[in-house]
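Reader: I have a structure open and would love to talk through a few of its details with you. Could you take my questions one at a time?

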Amino acid sequence: MNKKVLIVDDHELIFSGLKGYLENIELLFAQSQDEVDNYLYSEQIASAVIDVTIGNDNGFDVAYKIRNHVKHIFFLSMHKSPLYIHKAMEEGYAGYFLKDEPLDLLSEALRKPDYREFWMSDSVSSIIKEEGSRKFELYDRLSPREQQILRLLAEGIGYKDIGQELNISAKTVNVHRANIFKKLGLEKQVDIVKYAIKIGLIDL
């Protein structure tokens, strides 16, 4: 039986490109969290390749929701932010690739995912080395839920909308917000935006 790999992206270009590289692997394609959920109920997925930004969905949120169902999760993105690479490594995902590079290494990773602890190209490795990880130490103190809420707050999304998106109450969002301020040493909403820009969590 062919191994099944799920490509999660809001454009089919990568999906089409990988088709020519991978033999004995069945590729599935999803453009949203809802489509991903449908596959989880109906398919046995060995690996997933997820873009960091998928329409209105965040790739790390998608990965977090499926990590107990899919053994190997890779990220493939245009984002060259050290934060995203560092986050993928720290949270135990399988690799991080850039869309403007050849697909050869990603193809190898999908065929033999256990050959490396973390798959990345020389370009991705150089981004990590240049930036270092010291500036992310405070960010790493946040829980996964706090990291989600930090990003949403930095994007200017209100308490009620965050609560609806994460299926929690606005009051709980406010509690997490207070914890974020305390852990990061911040005082105002604008400080959250500045911090998120500084570590590359959002763009200007």
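Reader: How far apart are N and O where the side chains of Glu 91 and Lys 87 meet in a salt bridge?

Author: Happy to start there, and please keep in mind that this is a predicted model. Both Glu 91 and Lys 87 are buried. Their side chains meet in a salt bridge, and the N to O value is 2.5 Å.

Reader: Which residues of helix 4 are buried?

Author: Helix 4 spans residues 82-90 and is mostly covered, with seven of its nine residues buried. Beyond the helix comes Gly 92, whose phi is positive, near 80 degrees. The buried residues of helix 4 are Pro 82, Leu 83, Tyr 84, Ile 85, His 86, Lys 87 and Ala 88.

Reader: How many residues apart in sequence are the parts that the pair Asp 51 and Lys 99 ties together?

Author: The side chains of these two, Asp 51 and Lys 99, form a salt bridge at 2.9 Å, N to O. Asp 51 sits in the loop between strand 3 (47-50) and strand 4 (53-54), while Lys 99 belongs to the loop between strand 7 (95-98) and helix 5 (104-111), so the pair links parts that lie 48 residues apart in sequence.

Reader: Is Arg 151, which forms a salt bridge with Glu 155, buried or exposed?

Author: The closest N and O atoms of Glu 155 and Arg 151 are 3.6 Å apart. Glu 155 has a relative accessible area of 44%, so Glu 155 counts as partly exposed. For Arg 151 the relative accessible area is 8%, and because the cut-off for that class is under 20%, Arg 151 is buried.

Reader: Which residues do salt bridges that share partners join into one network?

Author: A search of the whole structure finds 10 salt bridges. Some of these share partners, and the network they make joins Asp 9, Asp 51 and Lys 99.

Reader: Let's turn to the sheet. Which strands stand at the edges?

Author: Six strands form an open sheet with parallel pairing, in the order 2-1-3-6-7-8. A strand at the edge has a single partner strand, so one of its sides is left without a neighbour in the sheet. The edge strands are strand 2 (25-30) and strand 8 (119-120).

Reader: At about what angle does helix 2 run to strand 2?

Author: Strand 1 (residues 3-8) and strand 2 pair in the parallel sense over six bridges, and Val 8 stands opposite Ala 30 in strand 2. Helix 2 (residues 33-42) lies across strand 1 and strand 2. Relative to strand 2, helix 2 runs at about 140 degrees.

Notes. Residues are numbered from 1 along each chain as its sequence is written. This is a predicted model: local features need pLDDT of at least 70, side-chain atom pairs count only at pLDDT 80 or more; totals for chains, interfaces and linings use all residues. Side-chain values use heavy atoms; hydrogens and water are left out. Buried means under 20% relative accessible area, exposed over 50%, partly exposed in between (1.4 Å probe, protein chains only). Helices (H or I, at least four residues) and strands (E, at least two) are DSSP runs, numbered from the N terminus. A salt bridge is a side-chain nitrogen of Lys or Arg within 4 Å of a carboxyl oxygen of Asp or Glu. Two strands pair if DSSP finds at least two bridges between them. Contact means heavy atoms within 4.5 Å. Axes are lines fitted to C-alpha atoms, for helices over the stretch in contact, and angles run from 0 to 180 degrees between N-to-C directions.
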